Amino acid sequence: MIGFVTRSVHVALSCAARCAAPSRALSPPAVGSFLSRFACLSTSATSGFNPATLCDILDGHDNLEMRRDMRKYLASDPLYIPRHDVPLAFERELALERLKRICDRKYISVFDFRSNPNKLFAAHEITGSVDPSTATKMTVQFNLFGGTVLRLGSKRHESVLADVDTLKAVGCFALTELGYGNNAIEMETTAIYDNKTDQIIVNSPSTLSQKYWITNSAVHAQHAVVFAQLQVNGVSEGVHAVLTRIRDDSGQPIPGVRIEDMGMKMGCNGVDNGKLWYQHVRVPRENLLNKWSDISPEGTFSSKIQNRRARFLTVADQLLSGRICIASMCLGGTKSALAIALNYAAGRLTVGPKGKSDCPILDYQLQQRALMPLLARTVALNLGLNDIRNKWFAATPETYADVVRHCCIIKPLVTWHFERTASVCRERCGGQGYLAANRFGDMLGFSHAGITAEGDNCVLLMKTAKELVAGFADGSATFPNPPHPKEWNSVNYDTRSAAALLQPLRDLLAYRHRATVTELNARSTQLVKDGQSVFDIWQKQESDLIQDTARAFGEHTVMTSFLRTIEATPQSPEREVLTKLCALYAVGCLEANMVWYFQQECMSPQRSVAVQNLSRRLCAELAPHSLSIAEAFGVKPLLFAPIAGNWAKFNETDNRGEQVPIRAGF
């Protein structure tokens, strides 16, 4: 059963669908009309590239037909046009109905994890470009809930899996507790096996043990995968996952399950977050997800994993793919933010050389220096994420540690970039960016949810650095070995082409990656020899270096993926524009860490000025083609923001800042 809504909410949804005309009158202006205004920038070696070809490259050449069809569908169904001034209950039902329509068209399946996970990640990205709440409910339903049952369960749990794709079984993922977030291994919730009744008793023994921030639980979920300390015959066996019902078919909480609504948040209010308590709730022994550990009918516990901490990491493994899902969702949101801001900057005319309002604000260096680096970094993270998706699916026991490092770094890089992009784009759109209808407010809330969910970003950087140091110390990880940094002071940034600069730029990022991990390993080793505890070193003394080490690894990894993509692209206008974007991405990394490069004697003051000049040059060269690059994001028909199209027409009527209902001819 999908939702338990009043008739009035159903009627409101129906009316919204009928009133919203499927017209695409909000589509952005033609690229050509914008380019014609750039008298001084209209000629470039990168002109003439095909956005559709670049789109296929950014999409990783995977599931292209599905991606095109899903984008086309979301653009055509008026249900996906944003609503703003609506009640909380309406917003939640709207998000669920949007997800249901995506499911009805089979764009996503929990079984994609077995054969085609990139399809599932693609669905997350496309949905994230349109509606944060729908994307969030999607990732919990298909990755955290359905994916966990799929990966940790067995044949006895297939009846639930069969209903995940249709939303007949809506589920949630009950891991986080009020008192135990990043230290979830110490959670208090218990799952005690009763050998007299052959049942597992789930209990929340304290206020701090309540399951907290549980998406889908406040209204829609009937099922929960609950994580608890498993006890069998008086022995604690560590954290395990148990499948439970939290509501019956009428939508009422199961006896012993207490559910509270967490109410309004700073964003993603279509998501029904709740708090769960279990008060000695009994479930069959078979509800233990038993791929790795099991309890026999005779009451004997067995496990293929002997270490209790390793058991926790195994049962929580779906958080790894969850980080890819969140990165995918937020990448979609980032693309929409940039496309909206660029389209507005191209169409918003202001003072030109003769004092007339005849110059698009994108012609201003101020606007270019704000938006072009964000555009380049978005493309870079897109290509880096593509590689990490493939690494995750192809993981083996031998490559698993490397996959963990990459999954843990990509989520922070993408979500922090999303937050920065949404904020800068909002500012660069002036007062129009502050209007809810232009979506930047929703995007900021969405980005902050991504920054915190599936692991706080800074904590994930700590984990990444820990894994890097471990791999460095035991030789299990490979690291770049670039030339001595002083050699880079001879590079001429002023006259060399972007293509000729890619190798020295890559070397600079590679050097920072190797130098930071080497320094962190050396400092940690010495401090331990001096009698310092690992806890004090990592939590109280070396936090800055730890964070820098992880960031340097991530930025070099993304650069490597970018270069690999360029090398795989034939000589063409698409390759030329990718090359300039790659150079601008790398220069942005240098500018952000210029003090460090000074300290390492990698950069002289004169060369730092040359790097800044190179950044300005690349911004100016890319600006006339920025709309075409944004078009390659594939989100053009999904922007649903007045300033991305005919914003003057939008303001002809008293619309109260809403696009629904849309009047005829709008």
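Asp59, Asp62, Arg67, Arg71, Glu125, Lys335 and Arg389 are joined in a network of salt bridges. This is a predicted model, and the salt bridges in it come to 38. A few of these pairs make a good way into the structure.

**Salt bridges that link distant parts**

Let us begin with two members of the network, Arg71 and Asp59, which form a salt bridge with their closest N and O atoms 3.1 Å apart. Arg71 belongs to helix α4 (residues 64-76), while Asp59 sits in the loop between α3 (51-58) and α4, so this pair ties together parts that are 12 residues apart in sequence. Both Arg71 and Asp59 are buried.

A second pair from the network is Glu125 and Arg389, whose closest N and O atoms are 3.3 Å apart. Here Glu125 comes from helix α7 (residues 117-128) and Arg389 from helix α12 (residues 365-393), so the salt bridge ties together parts that are 264 residues apart in sequence. Glu125 is buried, at 3% relative accessible area, and Arg389 is buried too, at 2%.

Helix α12 also takes part in another salt bridge, between Arg564 and Asp387, with an N to O distance of 2.4 Å. Because Arg564 lies in helix α19 (residues 543-568) and Asp387 in helix α12, the pair ties together parts that are 177 residues apart in sequence. Which side of this pair is buried, and which is partly exposed? Arg564 has a relative accessibility of 43% and counts as partly exposed. Asp387, at 19%, counts as buried, because the cut-off for that class is under 20%.

Here are the three pairs side by side:

| Salt bridge | N to O distance |
|---|---|
| Arg71 and Asp59 | 3.1 Å |
| Glu125 and Arg389 | 3.3 Å |
| Arg564 and Asp387 | 2.4 Å |

**A pocket among helices**

Helices α12 and α19 turn up again around the second largest pocket: together with α13 (400-428) and α20 (573-592), they are the elements that give two or more residues to its lining. This pocket has a volume of about 610 Å³. Its lining has 21 residues, and the closest to the centre are Leu374, Arg377, Arg420, Gly588 and Ala592. Which element gives the most to the lining? That is α20, with 6 residues. By class, the lining has 10 nonpolar, 3 polar and 8 charged residues.

**Helix α5**

Helix α5 (residues 88-104) has 17 residues, and from its first C-alpha to its last it reaches 24 Å, close to the 24 Å expected at 1.5 Å a residue. Its buried residues include Phe90, Leu94, Leu99 and Ile102, and also the charged side chains Arg92, Glu93 and Arg98. After α5 comes Lys106, which has a positive phi near 60 degrees.

**Strand β8 and its neighbours**

Where helix α5 has a list of buried residues, strand β8 (residues 274-278) has 5 of its 5 residues buried, so it is largely enclosed by the rest of the structure. In a regular strand, side chains alternate between the two faces of the sheet. Both faces of β8 are covered: Gly274, Leu276 and Tyr278 are buried on one side, and Lys275 and Trp277 on the other.

Which strands pair with β8? Strand β4 (residues 211-214) pairs with β8 in the antiparallel sense over 2 bridges, and Lys211 has Leu276 as its bridge partner. Strand β7 (residues 257-261) also runs antiparallel to β8, joined by 5 bridges, with Arg258 opposite Trp277.

Note on methods:
Residues numbered from 1 in each chain as written. Predicted model: local features only at pLDDT ≥ 70, side-chain atom pairs only at ≥ 80, totals over all residues. Heavy atoms only, no water. Salt bridge = Lys/Arg side-chain N within 4 Å of Asp/Glu carboxyl O. Helix = DSSP H or I, 4+ residues; strand = E, 2+ residues; numbered from the N terminus. Buried < 20%, exposed > 50% of the residue type's maximum accessible area, 1.4 Å probe, protein only. Expected span 1.5 Å × (residues − 1). 1 Å grid on protein atoms, 1.4 Å probe; cavity = no way out; pocket = protein on both sides within 12 Å on 5 of 7 lines; lining within 4 Å. Points joined across faces, edges and corners; volume = space filled by probe spheres on them. Pairing = 2+ DSSP bridges.
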